[in-house]
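Biologist: I have a multi-chain model open and would like to learn how to read it. Could you take me through some features, starting with what follows a helix?

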Amino acid sequence: MLKKTVIVRPELCVGCMQCMIRCAEAHSRTKTLASAIREEILAKPRIHIGVGPELKPFPNKCRHCEPAPCQEACMPWAIRSDIAEGLKIVDPARCIGCGMCAMACPYYVIRYYRDANAPERPGVAVKCDGCHERVAVGLVPACVEACKVGALTFEDVNLYLKEGTNRLANAAYGVRS
Amino acid sequence: MRYVVVGLHAAGRSACAWLRKADKTAEIVGVDPAPMPLYSRPLISYALAGEMAPEAMTVAGEDFWTNLGVRLVKEKAAFLDPERGKLTLASGEELAYDRLLLACGARPRSVEAGGSMSGEICFFRARHDLDRILARVNPGGIAAVLGGGLVGFKLTMGLLKRGMTVTLIVASPRPLSLNVDEHVGSWVGGRLANTPGVTLLTSTSVTSVEKGTSHPLRVALDKGGSLEVDLVAAGKGVVPETGWLSGSGLELDYGILADHFLRTSDERIHVAGDLAQAPDVVSGDRQVNAIWPMAVEQGRVAALNMAGVRTPYGGTMAMNSIPVFGSQMISVGAVNPALTKGCDLVTADGPRGSYLKLVFRGDRLVGAVGLDAPPRLGELAFAVRRGLRRRDLPDWWLHNPKSAAPLAAPGPSLARNAFLG
Amino acid sequence: MAKKDLSEFSICKDAQAMIAKAREDGVETAWDRLQEQQPQCGFCELGLSCRNCIMGPCRIDPFGDGPKLGVCGADADVIVARNFGRMIAAGAASHSDHGRDLVETLHAVGSGTTTDYAVRDEAKLRRIAGEVGLDESGKGVNAVALALANHFYEDFGCRRSSVSFIGRVPAKRRELWDKLDITPRAIDREVVEMMHRTHMGVDNDAVNLCLHAARVSLADGWAGSMIATEVSDILFGTPVPRTSTVNLGVLKADHVNILVHGHSPIVSEMILAAVHDPGLLAKAKAAGAQGINLAGLCCTGNELLMRQGIPMAGNHLMTELALVTGAVEVVVVDYQCIMPSLVTVAGCYHSRIVTTSPKAKFTGATHIEFNVRNARQKAVEVVELAIERFKARDQGRVDVPVEPVDIMTGFSNEAVLAALGGTAAPLIDAIKAGKIRGAVAVVGCNNPKVKQDYQNSNLIRECIKRDLLVLVTGCVTVSAGKQGLLMPSAADLAGPGLSEVCKALGIPPVLHVGSCVDNARIMQLCGMLATALGVDISDLPVAAAAPEWYSEKAATIGLYAVASGVFTVLGLAPPILGSKVVTDLAVSGLEGVVGATFAVEGDPVKAAELIDARIRAKRTALGLTP
């Protein structure tokens with residue numbers, strides 16, 4: 001079985017943005033909302049909600065590609081595969097904020113902010129790190145925990161696709177699922 | 001199976017990693033006269049500007065090679081015999097290969113200037129160049145920088161940060177003429193000219209470098225006059241290192257010609273990085289695009305093909321994103337006027353203070369250049385790569401490109417899948 | 001929820017036992033539903049969401065990237081202040097509407113419209129009438145009642161410039177309020193004005209909104225609630241010290257069990273009368289019961305406990321669990337703090353929820369509507385329903401898990417003064433001597449976000465250890481009672497000074513003062529002490545705490561305490577942290593405005609230390625030993 005990953009079902013998203021606020025909270029120093037919002041260098045969300053036609057919300061986050069265009073573009077090798085298996089994680093200590101990774105990313109999931117882990121730099125690349133620290137202690141990623149409508153889940157991608165296959169089967173035989 | 005990789009910088013490293021992923025047991029030999037310390041060359045700009053300690057340019061230790069099981073041969077490659085499948089090293093030793101990757105990159109183009117001190121001209125490609133420049137840097141002194149491209153620009157800003165005054169001597173009418181369009185080029189030129197400590201000379205070349213009187217060097221200008229300087233540095237582009245391959249029989253032009261699988265004219269030899277002249281996304285022709293992400297990607301694609309995993313190469317594309325006087329400048333694809341003849345140039349009215357120009361050939365987006373434009377380079381690059389059609393862009397967006405969304409959507413097909421059932 | 005240990009939900013054995021039984025019986029509780037809600041909305045937690053108009057709904061991103069302003073242009077400070085203002089208005093409205101119903105009842109008594117209700121404390125009626133400036137000499141009790149009711153009606157409208165009981169506020173405090181323009185004018189007026197101000201495009205200054213919120217709360221504490229308390233005493237008797245019992249053990253497996261829940265004594269006193277009806281008793285025995293047992297939940301339980309010594313089955317988080325015992329036939333309710341889930345929980349057993357107020361209907365409950373003319377008759381109907389339900393009880397599913405604990409109750413200000421010999425002088429002397437270093441009101445609710453009764457009871461323990469006399473109201477009464485803290489024997493847990501005084505007087509170190517509207521008694525007491533000492537309330541060595549609060553009413557009580565000059569520690573943060581302006585005002589700025597602030601601290605020891613620091617500072621400033 002593949003490792004679990006965050007599956008996004010954009011059609012279920014209601015645009016409440018809880019994932020964003022909890023992602024930022026999970027990446028703050030104090031990890032509690034009330035104090036996170038008072039930290040000197042604010043944490044930022046790594047998942048973003050885009051707005052589509054008819055204002056349909058669209059959750060967008062790093063897909064941890066393999067090979068990852070961002071990693072290939074990174075000259076100081078700041079995007080690392082060796083921190084957590086299957087995840088591409090930005091090491092703020094190595095990042096020089098050159099912007100090459102955002103150039104390369106086809107999904108627009110990398111942004112640049114001041115980061116509390118590298119406070120002397122005006123901006124480093126910030127993107128989803130798979131909440132590897134949470135997952136390592138048995139929690140689900142913060143965005144998944146926050147999502148009340150099931151638009152973000154933490155599951156085996158093959159099981160998710162199996163579900164899609166069944167939907168296709170229903171559609172093919174004219175049954176609305 | 002023995003894979004030999006010549007050149008162990010961006011493309012070569014990437015290739016070794018992917019060769020090992022594809023083939024756990026094969027022998028991989030890396031040929032490079034100086035593979036250690038394992039650093040990334042483009043970081044020398046940051047080291048020059050004092051934004052990074054030179055040691056921080058090193059990105060890995062020797063264990064990078066040992067972990068991959070790559071045998072290092074710390075020599076220069078001298079001669080290639082594709083028919084016999086043998087690579088001759090500078091020492092005379094011969095290295096047989098089953099598959100060969102040529103990734104020995106490019107060298108700085110030399111400056112056509114005479115004078116007894118023309119050997120003092122520093123280039124800016126690798127560590128030794130950085131060391132040479134730093135040895136000549138003196139705060140309060142004067143530097144001459146030759147070349148109005150990105151390297152010349154970075155040299156100028158770096159030397160300024162080091163406390164020198166800089167005269168930037170550009171052969172073209174404006175800086176960055178090969179990288180951006182007239183508007184952005186002129187803007188950069190204007191800002192450069194107004195930067196304290198910088199003197200910008202355009203449409204000017206250096207004819208000779210002699211010993212100076214008040215300063216160590218004197219550069220003579222083609223328009224007449226000369227400058228007394230402490231340091232001369234040049235960034236006049238790079239030339240692929242094809243010299244040693246001229247007798248090999250491989251098809252070459254500016255670089256080594258490669259097909260859609262990064263194969264050379266010899267099916268056992270692939271090429272990647274600044275040496276490769278590979279199909280270009282925008283021109284359809286084969287081009288050398290000597291930039292880091294291209295090299296790393298080509299290293300991977302070539303390696304996979306060498307290992308028997310058929311991997312078509314998407315194509316090279318020019319792209320740049322650099323902070324320029326507090327603004328973010330981006331360019332992708334074909335933007336320099338020489339390449340955009342016959343193209344439709346559409347300037348978008350962005351938010352105040354921003355600039356975005358899109359280049360369409362026919363209906364296809366082939367280039368873009370922007371200054372503090374809302375879309376990031378990644379979005380524009382992706383749009384160019386997949387050939388975004390002009391008709392897919394809403395009219396209102398061209399009048400007010402406040403976000404990159406219209407560039408992003410690949411069309412209704414994605415949404416349809418999501419709503420299936 | 002299945003994975004959590006029972007002791008993590010509550011410190012009480014009866015709660016733990018019933019949570020376990022609820023799981024077995026398949027009954028969902030507030031704890032389960034809290035879990036389902038996790039994680040709750042971060043924007044709302046911080047007060048940064050606004051639904052006041054449909055240009056929205058809007059939210060402000062506290063991390064700086066997203067929107068900083070609502071569609072109307074309101075920033076985080078305005079949105080938080082508006083939301084907070086509406087919370088306070090809702091709390092004040094609830095207490096005050098309860099007060100209004102009592103005034104209506106007094107009016108009905110006075111005008112002879114009802115014989116179900118009467119004035120039980122005529123002396124208090126005349127005393128209050130005199131206090132508010134009515135001439136009651138020579139008038140009959142009904143006439144005085146009518147006149148007083150009419151007088152109190154005007155507290156609700158906008159024909160006066162201040163409320164009836166403003167005279168109880170020390171002069172210095174009144175001057176301060178006048179200067180700040182927060183002297184409460186009239187109850188409904190302040191609430192309506194707050195609803196007006198928080199409409200889009202009215203008051204858009206956070207500080208201005210907060211000041212009006214203070215005024216709204218004062219219209220509750222010194223008017224709405226105070227009127228409720230005084231009129232309840234007039235109609236149903238002023239409490240005097242007595243004993244009773246508390247916890248689920250007050251339910252009797254061999255009796256018909258009726259629980260009263262909600263707030264006003266208007267309904268619960270009638271139920272009490274009905275359960276003593278000999279005819280109904282006979283019916284109960286005929287149905288196989290040994291008798292009819294009445295016990296209370298929450299505030300109306302507090303009312304019956306204070307005045308009539310009726311035992312209390314539990315507080316807020318016990319209300320569902322009481323039904324889970326399987327021993328309750330009927331829970332009869334009026335309004336406030338009654339969870340709609342009770343209908344579902346009752347449906348898992350033979351129990352019925354009976355609603356009595358047209359203002360508070362619950363889908364699926366049995367509605368038996370009370371008014372001043374039919375109250376006694378309707379109460380009989382309720383008891384008859386309970387007797388009928390007793391026959392349907394499955395004795396096999398009954399589990400009353402504990403034995404009841406003794407408590408002392410009834411410490412109205414009148415009773416306290418009587419115990420002290422008629423004046424507050426002995427109390428003031430004890431305070432001056434440092435035997436009693438000060439007084440702390442520990443009030444409020446339960447909240448499933450924190451372990452039930454842990455913060456309430458442990459803060460009380462920490463305070464009495466420090467020779468601080470504790471006054472309790474509302475749900476904290478049950479928290480304290482179950483831990484034995486409401487008995488004179490608890491003096492052994494108190495510091496030496498407090499212990500000595502309590503033993504001498506035969507009182508507990510923790511005094512039950514009443515229901516949540518009876519927090520007005522504490523305000524009156526503070527006013528009396530301050531006036532006697534010639535100081536402001538903010539100079540007194542007193543503090544307040546709501547360690548496990550949940551409701552809007554509790555927020556209003558906290559605010560009227562602070563606005564009156566009493567430092568108040570909240571055990572959970574109110575939804576204001578999204579605004580630095582409002583938060584800073586609440587926890588520090590208000591000191592310079594009203595002489596007191598809020599603090600947010602759940603840990604009982606740390607909270608006690610904050611309180612102690614305040615007491616020390618105030619004692620030192622008065623020239624007393626710290």
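Modeller: Gladly, and keep in mind that this is a predicted model. Look just past helix α24(C): it is followed by G623(C), whose phi is positive, near 80°.

Biologist: What are the length and span of helix α24 of chain C?

Modeller: Helix α24 covers residues 604-621 of chain C, 18 residues in total. From its first C-alpha to its last it reaches 26 Å, close to the 26 Å expected at 1.5 Å a residue.

Biologist: Which residues of α24(C) are buried?

Modeller: The buried ones are P604(C), A607(C), A608(C), I611(C), D612(C), R614(C), I615(C) and K618(C). Looking down the axis of α24(C), you find these buried residues within an arc of 160°, so they line one face of the helix. The face turned away from that buried side carries the exposed residues V605(C), T620(C) and A621(C).

Biologist: What do the buried residues of α24(C) pack against?

Modeller: Their partners, all in chain C, are the helix α18 (454-465) and the strands β11 (438-442), β12 (468-473), β14 (542-546) and β15 (567-570).

Biologist: May I practise the same reading on helix α4 of chain B? Which of its residues are buried?

Modeller: In α4(B), residues 127-136, they are L130(B), I133(B) and R136(B). Down the axis of α4(B), the buried residues fall within an arc of 130°, so here too they line one face of the helix. H128(B) and A135(B) are exposed residues on the face turned away from the buried side. The cover over the buried residues of α4(B) includes α2 and β17 (231-234) of chain B.

Biologist: Let's turn to cores. What is the general idea?

Modeller: In soluble globular proteins, nonpolar side chains tend to be buried together. In this model the largest nonpolar core has 391 residues, and V232(B), I271(C) and V440(C) touch the most other members. Helix α9 of chain C (residues 206-236) provides the largest share of this core, 18 residues.

Biologist: Which residues does I271(C) touch, not counting those up to four places away in sequence?

Modeller: I271(C) touches I258(C), V260(C), L294(C), V332(C), A379(C) and V382(C).

Biologist: Now a single residue: is P240(B) buried or exposed?

Modeller: P240(B), found in strand β18 (residues 238-240) of chain B, is buried, with 24 other C-beta atoms within 10 Å. The cut-off for buried is 20 or more, so P240(B) qualifies. Leaving aside its neighbours within four places in sequence, P240(B) is in contact with A106(B), Y254(B), G255(B), D274(B), L275(B) and V288(B). Sequence separation and distance can be read together: P240(B) and K223(B) are 17 residues apart along the chain, and their C-alpha atoms are separated by 31 Å.

Biologist: How is chain B divided into domains?

Modeller: The assignment gives domain 1 (2-107 + 238-306), domain 2 (118-234) and domain 3 (319-418). The C-alpha centres of domain 1 and domain 2 of chain B lie 31 Å apart. Their contact takes ten residues from domain 1 of chain B and twelve residues from domain 2 of chain B. On the domain 1 side, helix α2 (residues 44-48) of chain B gives the most, with four residues. That side divides into six nonpolar, two polar and two charged residues.

Biologist: And which domains does chain C have?

Modeller: Chain C is assigned domain 1 (76-236), domain 2 (248-397) and domain 3 (409-621). Twelve residues of domain 1 of chain C are in contact with 13 residues of domain 2 of chain C. On the domain 1 side, α4 (76-110) and α9 of chain C each supply at least two residues, and α4(C) gives the most, with six residues. The residues of that side are four nonpolar, six polar and two charged.

Biologist: Finally, which pair of chains has the most contacts?

Modeller: Of the two pairs of chains that touch, chains A and B have the most contacts. Theirs takes 23 residues from chain A and 27 residues from chain B. The chain A side divides into 16 nonpolar, four polar and three charged residues. The contact between chains C and A takes twelve residues from chain C and 14 residues from chain A. Chain B and chain C do not touch, and their nearest C-alpha atoms are 14 Å apart.

Notes
Residues numbered from 1 in each chain as written. Chains lettered and ligands numbered in written order. Predicted model: local features only at pLDDT ≥ 70, side-chain atom pairs only at ≥ 80, totals over all residues. Contact = placed C-beta atoms within 7 Å. Nonpolar A, V, L, I, M, F, W, Y, C, P; charged D, E, K, R; others polar. Core = buried A, V, L, I, M, F, W, Y, C linked by C-beta atoms within 7 Å. Buried ≥ 20, exposed ≤ 12 C-beta atoms within 10 Å, placed from the backbone. Domains from an automatic or database assignment. Expected span 1.5 Å × (residues − 1). Arc of directions from axis to C-beta.
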